[in-house]
Amino acid sequence: MTKRTKDIFQPRSSRVIRVLLAYPGRRWRILALAKEAGTSLGWTHAVITTLQAQGYVVRDESYRVDLVDPARLLKRWAASHDFLTENRFEEFQTFERDLDSLLKRLRGLRVSYALTGLAGAWLVAPHVRPTTLDMYLLNRELMKEVAKALDLRLVERGGNVRLFSPYDAGVFYASRALNGINIVSNVQLYVDLVNYPARGEEASAALLRLIEDEWSKALGS
């Protein structure tokens with residue numbers, strides 16, 4: 001029996017899904033997909049077998065993988081993800097008068113980070129103005145460095161800056177810089193926003209329209 005994975009959205013599996021959603025028009029050979037996702041050949045094959053059984057991908061005559069319905073897969077992943085419970089984070093208070101001023105200071109930050117949540121979405125597809133800034137850091141050890149660089153004060157709760165130690169480094173896949181500020185990919189943004197409190201679903205809907213427009217252009221439709 002061909003091996004499958006029980007949960008296609010667990011951290012290792014989601015690395016494969018991120019790659020597929022980043023290039024929805026590309027047909028992948030398993031080896032190339034595994035290298036891009038940073039997962040083992042066997043694990044990647046198990047994920048693809050599961051996705052195929054669930055109708056998300058097909059294999060052509062050369063056994064290359066083709067994503068069938070990227071929007072359906074993205075929505076299902078997002079529905080199963082809870083940004084605030086699946087990541088560890090610390091809350092901070094900024095001394096800046098507004099988040100726009102704090103965002104400007106990020107342009108000089110020289111650590112491995114990427115914005116997500118409403119603040120990230122505001123820079124990509126402005127719809128819901130954020131009151132809290134959420135930032136992934138590559139590792140927990142960077143929190144003190146970032147707090148010092150941005151002049152943040154650690155608080156027990158109610159902070160307007162949250163520094164996250166992500167559940168998996170895959171959240172950084174396809175992240176990019178916009179106007180000197182690092183932001184996670186649109187796919188990761190959407191996944192983080194769907195179950196995000198305080199108008200996250202509204203912001204994710206606006207972002208999904210942008211994602212689907214980008215997919216249509218990539219697919220030539």
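Let me start with Thr5, which, setting aside neighbours within four places in sequence, is in contact with Gln10, Ser13, Trp43, Ala46, Val47 and Thr50. Thr5 sits in the segment before α1. Its relative accessible area is 8%, so Thr5 counts as buried. Before I go further: this is a predicted model.

Now the core. Which residues have the most contacts inside the largest nonpolar core? They are Leu20, Leu51, Leu74, Leu106, Leu133 and Met135, and that core has 72 residues. As general background, nonpolar side chains in soluble globular proteins tend to be buried together. I will take three of the residues on that list, namely Leu106, Leu133 and Leu74.

Leu106 belongs to helix α6, residues 99–106. Is Leu106 buried or exposed? Leu106 is buried, at a relative accessible area of 0%. Not counting residues up to four places away in sequence, Leu106 touches Tyr113, Leu115, Leu133, Met135, Leu150, Gly180 and Ile181. Two of those partners, Leu133 and Met135, are also on the list of residues with the most contacts inside the core. For a sense of distance, take Leu106 and Phe172, which are 66 residues apart along the chain. Their C-alpha atoms are separated by 17 Å.

Leu133 is the next one. With residues up to four places away in sequence left out, Leu133 touches Leu99, Leu102, Leu103, Leu106, Leu115, Ala119, Asn160, Val161 and Arg162. Leu115 is a partner of Leu133, and Leu115 is a partner of Leu106 as well.

The third is Leu74, and that brings us to helix α4, where Leu74 lies. The helix runs over residues 70–80. Which residues of α4 are buried? They are Pro70, Ala71, Leu73, Leu74, Trp77 and Ala78. These residues cover an arc of only 165° around the axis, so they are on the same side of α4. The general background here is that an α-helix has 3.6 residues a turn, so residues three or four places apart point the same way.

What covers that buried side? The cover of the buried residues of α4 includes α1 (11–22), α3 (41–53), β2 (65–67), α9 (186–193) and α10 (200–219).

Two residues of α4 can be looked at one by one. Leu74 has a relative accessibility of 0% and counts as buried. Leaving aside neighbours within four places in sequence, Leu74 is in contact with Leu21, Val187, Tyr190, Val191, Leu208, Ile211 and Trp215. Leu74 and Gln188 are 114 residues apart along the chain, and their C-alpha atoms are separated by 9.5 Å.

Pro70, also in α4, counts as buried at 12% relative accessibility. Pro70 touches Leu21, Pro24 and Trp215, again not counting residues up to four places away in sequence. How far apart are the C-alpha atoms of Pro70 and Pro24? They are separated by 6.6 Å, with the two positions 46 residues apart along the chain counted as their separation. Leu21 and Trp215 touch Pro70, and both are also in contact with Leu74.

Staying with α10 for a moment, Ala206 is found in that helix. Ala206 counts as buried, with 10% relative accessibility. The C-alpha atoms of Ala206 and Tyr190 are separated by 9.5 Å, and the two residues are 16 apart along the chain.

Next, the largest pocket. About 240 Å³ of space lies in it. Its lining has 14 residues, and Leu21, Ala22, Asn186, Val187 and Glu214 lie nearest its centre. Which helices each supply at least two residues of that lining? α1, α9 and α10 do. The largest share, four residues, comes from α10. By type, the lining divides into nine nonpolar, two polar and three charged residues. Leu21 and Val187, near the pocket centre, are also contacts of Leu74.

Last, two residues with unusual backbone angles to point out. Ala174 has a positive phi of about 65° although it is not a glycine. Ala174 lies in the loop between β7 (161–165) and β8 (176–178), and is partly exposed at 40% relative accessibility. Asn179, not a glycine either, has a positive phi of about 55°. Asn179 is in the loop between β8 and β9 (181–183). Is Asn179 buried or exposed? Asn179 is exposed, with a relative accessible area of 66%.

Technical notes: Residues numbered from 1 in each chain as written. Predicted model: local features only at pLDDT ≥ 70, side-chain atom pairs only at ≥ 80, totals over all residues. Heavy atoms only, no water. Core = buried A, V, L, I, M, F, W, Y, C linked by side-chain atoms within 4.5 Å. Buried < 20%, exposed > 50% of the residue type's maximum accessible area, 1.4 Å probe, protein only. Contact = heavy atoms within 4.5 Å. Arc of directions from axis to C-beta. 1 Å grid on protein atoms, 1.4 Å probe; cavity = no way out; pocket = protein on both sides within 12 Å on 5 of 7 lines; lining within 4 Å. Points joined across faces, edges and corners; volume = space filled by probe spheres on them. Nonpolar A, V, L, I, M, F, W, Y, C, P; charged D, E, K, R; others polar.
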